[in-house]
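Colleague: Before we discuss how the terms are used, could you please put the structure in front of us?

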Amino acid sequence: MKQDIILAGVGGQGILSIAYVIDNAALAEGLFFKQAEVHGMARRGGAVQSHMRLSNDAIWSDLIPKGEADMILSVEPLEALRYFEYLRPGGIVVTSSTPYRNIPDYPDIDRVLEAVRKAPRCVVVDSEKLAREAGTVRAQNIVLLGAAAASLILKDASLLLTIDALFRGRGATVLEANLKAYELGKKAALGA
Amino acid sequence: MSRQILLGDEAIALGAVHAGLSAGYSYPGTPASEIMEYLIRLAGETKAFTAVWSVNEKVAYEEALGASFAGKRALVSFKHVGLNVAADPFMNSAVTGANGGLLVVSADDPGMHSSQNEQDSRYYVQFAQIFAYEPSDHQEAYDMAREAFDVSERFGLPVLMRLVTRLAHSRSPVEIREPRGPNELRTGAAKDWTLLPVNARRRFALLLDRQPEMVRFSEESPFNVLKLNASDRSLGVIASGVGYNYFREAMKGEAALPSFLKVSTYPLPEGLIRKLVGHVDAVLVVEDGYPFIERQLKGFFGIAGKTVLGKLSGVFPVTGELSPDNVRRALGRDPLPAVAASVLPLSGRPPQLCVGCSHADTFKALNKALENYSGSNVFSDIGCYTLGALPPYNAVQTGVCMGASVSMARGASDVGLHPAVSVIGDSTFAHSGITPLLGAAHADTNMTVIVLDNATTAMTGGQPSYGTGERLLRIIEGVGVPKEHIRTIEPLPKNHEKNIQVIKEEIEHRGLSVIVAVRECVQEQRKKRS
């Protein structure tokens, strides 16, 4: 059993928090994992990606070879498109439909979503709306994690435990909002 | 023992702590910053050792060397170009030798994710003629860091650890072991450590004498693995660091591996290389960075009857990172089937200054102040503000190395350029901007230095800055800049017109001026609020 995931988004969208939750859930389940991430310059509003590899067996490369990714999990639709050639035939794209427009030549969003839907399988959720509903627009990353949950090889309970550990220190309101964001993401994926 | 999730950087830091580290020093720089970040966190929890950000890499190196001379185990870490700044003490410490174990960590950045060049620290290892490790994964990073201190004390020399961005910034679980305690204080060998020619000649001869022993040690290291395939002599692979991982990844699912040598230590394990090369017809060298091993293997004339493949032969690109994909190709394996790349043209999303960043306001005012001059040059430096080179600002024309903006503006001014403007952040100014300003103040050079004081080392994540606020102003005055030409502005949209006026006035002053643009980094402000 293995799962290779490309996490994508824009610097500041909480990609590394998603990675943190998956890492710790994987540790709790006794899996091997490697997670390569981007720091430094690329964080300043630039494209951010992380290669997340989970497996029952030892993992060699920190980077996912092209054609091995089982999933692209993106907090931004244009960013999801950047990594299509990493996806294996039959792979899944889980992405937000909410564009992050900090560049002058952002393409027409309908064309972006149309291109996303060319993936073998995809789950597109309105993370902005769902995060607001959960109580904070900053929880879009956790909405996406929820939307991906059913397709992950990790147990729901392990993910929930780490979300709890990650946000408990930031007060009850933040924790509640993120737990709700996770549930709303899950529900939206079922309907998507 | 327990399993912990660690970045490659953190695995090195923890390995050092568990080897009985007494002191760690560093200057921030991607991809090495997280080594010191982690050390500072651990030092805060345990109070068992010192871990501090130094003013620059040279200072950091010398602080660590001093701790080593006092008998304690010390670490110094920086990004690859930081080793240039520290090169003077580094090269000489190979001659003085170390007392307590001294580990030098240099993080290379093939592909230039956040750097000016792709220089390969292994050349420095060869230059200084010391022993070095190159980990391929997190466990090795931890284990090698621990062992490095013993090896440093065994040879009486600093030991270097070379890693690359991909390992520095990858997370994985690491098995950790029982920690060792610190060394006792132990000073000593004045005649070894005072490099008067009479001592230096003796010490350098000793360093050269030790080389064969280091090669032997490298050959015996369990981190170097040689596996010969008895039934297939066509190809052998020499792979180092993350290159080894990509090699094994590419061979996944194959019944048999070609003969291979995993190289993890330097000087190169010559005997093992001879065995591998003797066994096969062609050798593929898989190394991230410069073709360091490949070049030594080939020399001028190549190896008679053998083919050497790698970057020099064109099997790999000479620049950029290795990847599992280009290593797979080099091994002659077909690409994996994959989904087609998106046909929609994807606009790039380059890094940019944050919304509300003070530098943006300074650049807008500076551009306006310079608009009626032709042939001006704005010399920039290393930091977030280097992004001022990109649209929409297009405000700066150079970005070379730490502190260079001040010295380069001086040089340009000396040969007649006006306006010659330097733009430098407060942390970079403290790092190596003060010394050139001292010379420029002595000459009253006709140039304008703008210090962007955002009270932090922002680009690398907000490490402390030692020359900020009132202290910064006193430093500038202290080096001899005339008080009436030390001006302060607050870069905010509401002060735009006023700020243009100040910059114009100081450009028109035919002598040295320093303008300090004071406003806190928005990221740091945000951190304080949350």
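Modeller: This is a predicted model, and in it chain B is divided into domain 1 (3-209), domain 2 (225-330) and domain 3 (358-529). The centres of domain 1 of chain B and domain 2 of chain B, taken over C-alpha atoms, are separated by 27 Å, and their contact takes 19 residues from domain 1 of chain B and 15 residues from domain 2 of chain B.

Colleague: What makes Ala51(B) and Trp53(B) in strand β3 (residues 50-53) of chain B differ from Thr50(B) and Val52(B)?

Modeller: Along this strand the side chains alternate, so that Ala51(B) and Trp53(B) point to one face and are buried, whereas Thr50(B) and Val52(B) point to the other and are not. A residue is called buried if 20 or more other C-beta atoms lie within 10 Å of its own, and therefore Ala51(B) and Trp53(B) reach that cut-off while Thr50(B) and Val52(B) do not.

Colleague: How do you know that strand β2 (residues 21-26) of chain B pairs with β3(B)?

Modeller: Pairing needs at least two bridges, and four bridges join β2(B) to β3(B), which run parallel, so the two strands pair. Within this arrangement Tyr25(B) stands opposite Val52(B), and the chain crosses from β2(B) through helix α2 (residues 33-46) of chain B to β3(B) in a right-handed β-α-β crossover.

Colleague: Which residues touch the most other members of the largest nonpolar core?

Modeller: Of its 100 residues, they are Ala64(B), Leu103(B), Ala145(B) and Met161(B), and the largest share of this core, seven residues, comes from helix α7 (residues 138-155) of chain B.

Note on methods: Residues are numbered from 1 along each chain as its sequence is written. Chains are lettered from A and ligands numbered from 1 in the order in which they are written. This is a predicted model: local features need pLDDT of at least 70, side-chain atom pairs count only at pLDDT 80 or more; totals for chains, interfaces and linings use all residues. Domain bounds come from an automatic or database domain assignment. Two residues are in contact if their C-beta atoms, placed from the backbone, lie within 7 Å. A residue is buried if 20 or more other C-beta atoms lie within 10 Å of its own, exposed if 12 or fewer, and partly exposed in between; C-beta atoms are placed from the backbone. A crossover is right-handed if, with the strands pointing away from the viewer, the path from the first strand over the helix to the second runs clockwise. A nonpolar core is a set of buried Ala, Val, Leu, Ile, Met, Phe, Trp, Tyr and Cys residues joined through C-beta atoms within 7 Å.
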